[in-house]
Amino acid sequence: MRFGVTHKWNVEIAGARKIQEELRRRWEGRDRLGKIRMVAGLDAAFILEGSQALQEKGSRWSVLRNANRAIAGVVVYRYPEMAEIERADAEVALEFPYVPGI
């Protein structure tokens with residue numbers, strides 16, 4: 001399953017807000033979907049410098065090396081049977097600062 005990239009994230013926070021506003025204008029509230037055949041569940045977590053999750057780990061170097069990372073996972077199911085079709089996960093260094101709401 002692949003999705004196209006609609007923009008690059010090599011922008012400042014103000015540019016990210018502008019992208020978010022543009023995406024918000026594209027939102028449609030009416031149902032244009034046909035019969036639903038697949039559903040997905042996903043989540044993302046962030047490990048940030050100074051996070052409580054990092055307090056018990058070794059040296060300051062190892063803490064900083066592991067900080068500022070994003071961890072995400074998604075599972076796709078066939079609906080309505082809820083049979084798993086595919087799952088994926090990723091852990092990457094943040095290239096854009098974590099800003100709540102963006």
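**Exercise 1. Classify Glu-21 by its accessibility, and describe its charged partner and their placement in the chain.**

Step 1. Glu-21 has a relative accessible area of 36% and is therefore partly exposed, given that buried means under 20% relative accessible area, exposed over 50%, and partly exposed in between, with a 1.4 Å probe and protein chains only.

Step 2. The model is predicted, so that local features need pLDDT of at least 70 and side-chain atom pairs count only at pLDDT 80 or more, while totals for chains, interfaces and linings use all residues. Residues are numbered from 1 along each chain as its sequence is written, and side-chain values use heavy atoms, with hydrogens and water left out.

Step 3. The partner is Arg-24, which forms a salt bridge with Glu-21 at 2.5 Å between the closest N and O atoms; the term stands for a side-chain nitrogen of Lys or Arg within 4 Å of a carboxyl oxygen of Asp or Glu.

Step 4. Both residues belong to helix α1 (residues 13–26), where a spacing of three residues separates them by about one helical turn; helices (H or I, at least four residues) and strands (E, at least two) are DSSP runs, numbered from the N terminus. Arg-24, at 48% relative accessibility, also counts as partly exposed.

**Exercise 2. Find the side-chain partners of Glu-28 and state where Glu-28 lies.**

Step 1. Glu-28 is placed in the loop between α1 and β1 (38–47), and its relative accessibility of 38% makes it partly exposed.

Step 2. Glu-28 forms a salt bridge with Arg-30, in which the closest N and O atoms are 3.8 Å apart, and Arg-30 counts as exposed at 59% relative accessibility.

Step 3. The side chain of Glu-28 is also joined to that of Arg-32 by a polar contact of 2.8 Å. Such a contact is a pair of N or O atoms within 3.5 Å; within protein, one must be able to donate a hydrogen and the other to accept it, and residues adjacent in sequence count only if both atoms are side-chain atoms.

**Exercise 3. Explain how Arg-69 and Glu-91 link two strands, and describe the pairing of those strands.**

Step 1. The side chains of Arg-69 and Glu-91 meet in a salt bridge with an N to O distance of 2.9 Å. Because Arg-69 lies in strand β2 (residues 69–78) and Glu-91 in strand β3 (residues 83–93), the pair ties together parts that are 22 residues apart in sequence.

Step 2. Arg-69 is buried, with a relative accessible area of 18%, whereas Glu-91 is partly exposed at 47%.

Step 3. Strands β2 and β3 run antiparallel and are joined by ten bridges, where pairing requires that DSSP finds at least two bridges between two strands. Within this pairing, Val-74 has Ala-88 in β3 as its bridge partner.

Step 4. The two strands form a hairpin with four residues between them, and Met-82 in the turn has a positive phi of about 60°.

Step 5. Strand β2 is also joined to β1 by ten bridges, again in an antiparallel arrangement, and Val-39 stands opposite Tyr-77 in β2.

**Exercise 4. Count the salt bridges of the structure and name a network among them.**

Solution. The structure holds seven salt bridges, and those that share partners join Glu-22, Arg-25 and Arg-26 into one network.
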